Amino acid sequence: MPGFEDRQSAASSRSALVWHTEHADKDCPPDFLVIACLRNPDGVGTRVSRPIMRELDKEDVCCLTTPTAFEFMSRAASALPIGVWEQGRLRYDPVYCRPRSALAARALQQLADAVERSALIAPQAPGCALIIPNRHTVHAREGFHARYDGTDRWLLRTMIRAD
């Protein structure tokens, strides 16, 4: 979207979207994210990663499960205390998540390292849909140069709750 190229949002293009789970800062984030590719002439893939939590130190996992160790800066309200690893659900968005201590910062960095170790690129071709289990898998996107001529990458994003 013109004017949003360098923002950290789905409307951007030049700016890479950093690793995150969808709506990590919300009370009820979706269980699944479906990204359907309608057009992708440049073959820009979606980065996905399912970090292996058992590889982290027990102290880091304990910290990641502590809601008071982090705060998520919500766009709609004030900071929300939410555990990053909460009842088997990963809530990861370093853009909006603030560690409240050095221990929490270290745990978040260990998680970031685990995300990178498990990373891969899922190709996105027209007619294909990528189903991401939002409870365990983070996703990201590399930046690309939009042409604004009606031929740019076009993905349809759908969020699903499994209630």
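The expected span of a helix is 1.5 Å times one less than its number of residues. Keep that handy for this predicted model, where local features need pLDDT of at least 70, side-chain atom pairs count only at pLDDT 80 or more, and totals for chains, interfaces and linings use all residues. Residues are numbered from 1 along each chain as its sequence is written, and side-chain values use heavy atoms, with hydrogens and water left out.

Let's start with helix H2, residues 102–117 (helices, H or I, have at least four residues and strands, E, at least two; both are DSSP runs numbered from the N terminus). Its 16 residues should span 22 Å at 1.5 Å a residue, and the end C-alpha atoms sit 23 Å apart, which agrees. Buried here (under 20% relative accessible area, with exposed over 50% and partly exposed in between, using a 1.4 Å probe and protein chains only) are Ala 104, Ala 107, Leu 108, Leu 111, Ala 112, Ala 114 and Val 115. Down the axis of H2, these buried residues fall within an arc of 160° (taken from the directions from the helix axis to the C-beta atoms), so they line one face. Exposed Ala 102 and Arg 117 are on the face turned away from the buried side.

Now for strand E10, residues 138–141: Val 138 and Ala 140 point one way, His 139 and Arg 141 the other, and all are buried. Here are its antiparallel partners (strands pair if DSSP finds at least two bridges between them).

| Partner strand | Bridges to E10 |
|---|---|
| E1 (residues 17–20) | Two bridges |
| E3 (residues 46–49) | Four bridges |

Within E10, Leu 17 has Arg 141 as its bridge partner, while Ser 49 has Val 138.
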